[in-house]
Protein chains: 2
Amino acid sequence: MNIGEVAEKTGLPAKTIRYYEDIGLVRPLRGDNGYRQFRDSDAHKLNFLGRARALGFSIEDCRDLLALWEDQDRASADVRQIAKGHLAEIERKITDLSAMRDTLQGLVRACHGDDRPDCPILNGLAETGLS
Amino acid sequence: MNIGEVAEKTGLPAKTIRYYEDIGLVRPLRGDNGYRQFRDSDAHKLNFLGRARALGFSIEDCRDLLALWEDQDRASADVRQIAKGHLAEIERKITDLSAMRDTLQGLVRACHGDDRPDCPILNGLAETGLS
DNA sequence: CTTGACCTTCCCGTGACTGGAACCCTTATC
DNA sequence: GATAAGGGTTCCAGTCACGGGAAGGTCAAG
């Protein structure tokens, strides 16, 4: 099938699929007209990639996961290792964002938000550790 | 003061400070030797920028916040608007990441993670919406 | 034969920096 | 006066994972 069809099936933009070929994640055949010809196995790979990306895995993680997926002799421990690492990263981000949210919420709540210039948000941002 | 000193005071890397000058967020003077000369007001601006960036505000938000900070006749409502918009963005990110975490946690828990190839994580990623 | 949808490659831009090369200035030491 | 260390300067390239758009080739329908 052509790139448009596989794009629709996988939900990935054609641009993204071309990019994935560029970096060697997928290797479709080529027809006489130069068009990419995707096999079912290519579509399944792209589907896998789309799901992994949607879970926030980096492209390099995806590359490793794909290799493990293809490897019938893999150890599930290797997969789990990658997933746990990524999970930790996600949790770190959530922690960071939650801290930002809490601070920002405090400032927003303290600000009356009218047409006067007095503003606890700006005061909070201007707080100095400078000597 | 020179860039090294203001970098230490604000906690921002010198590279970042040069970048901020490049994009017009701060405009230090120049000495006869070509070195940037930062006034206290520059250091305070950079401190403000560092705090706003640490709360995840984009550079363009920072630019607007800085302008409001400098404007004695600002309306605090304008500041609050920016902050609330950013807060909503943060909350959206937290929601997205939490969904990823939940899915991933489910997969990781289901995976025994030993030397056998059978792996619920890979199975989960391979699940297809393809016909 | 033409139209329009699809495909191709190629190059630039994104955000917010970071790293590195090549070079200049200042200060201290020998 | 020479030299070395530790500042500073500019400029260019790279990051990550694509997206936009130009210029052009291909295919099916009318």
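Select chains A and B together and look along the seam where they meet: how many salt bridges does the rule find across the interface of chain B and chain A? It finds 0, a salt bridge being a side-chain nitrogen of Lys or Arg within 4 Å of a carboxyl oxygen of Asp or Glu. Before you go on, note that this is a predicted model, where local features need pLDDT of at least 70, side-chain atom pairs count only at pLDDT 80 or more, and totals for chains, interfaces and linings use all residues. Residues are numbered from 1 along each chain as its sequence is written, chains are lettered from A and ligands numbered from 1 in the order in which they are written, and side-chain values use heavy atoms, with hydrogens and water left out.

**Stop 1: the seam**

Stay at the interface of chain B and chain A, where 22 residue pairs are in polar contact, both at pLDDT 80 or more. (A polar contact is a pair of N or O atoms within 3.5 Å; within protein, one must be able to donate a hydrogen and the other to accept it, and residues adjacent in sequence count only if both atoms are side-chain atoms.)

Now colour helix 3 (40-54), helix 4 (59-70), helix 5 (76-110) and helix 6 (120-126) of chain B: these are the elements that give two or more residues to the side touching chain A. Helices here are DSSP runs (H or I, at least four residues), numbered from the N terminus. Helix 5 of chain B gives the most, with 21 residues.

**Stop 2: the axis**

Next, show both chains as traces. A rotation of 180° with 0.0 Å of shift along its axis superposes chain B on chain A, with an RMSD of 0.1 Å; the fit is by least squares on the C-alpha atoms of residues with pLDDT of at least 70 in both copies. That is the relation of a two-fold axis. Click on Ile94(B): in chain B, its C-alpha is the nearest to the axis, 3.0 Å away.

**Stop 3: the DNA**

Finally, select DNA strand D and the 19 residues that surround it, each with a heavy atom within 4 Å of the strand. Among the closest are Lys15(A) and Gly4(B).

Zoom in on these side chains:

- Arg53(A) has an N or O atom 2.9 Å from a phosphate oxygen of strand D.
- Arg30(B) has a polar side-chain atom 3.3 Å from a phosphate oxygen of strand D.
- Tyr35(B) has a side-chain N or O atom 3.0 Å from a base nitrogen of strand D.

Which helix gives the most to the surface near strand D? Select helix 2 of chain A, which gives 4 residues.
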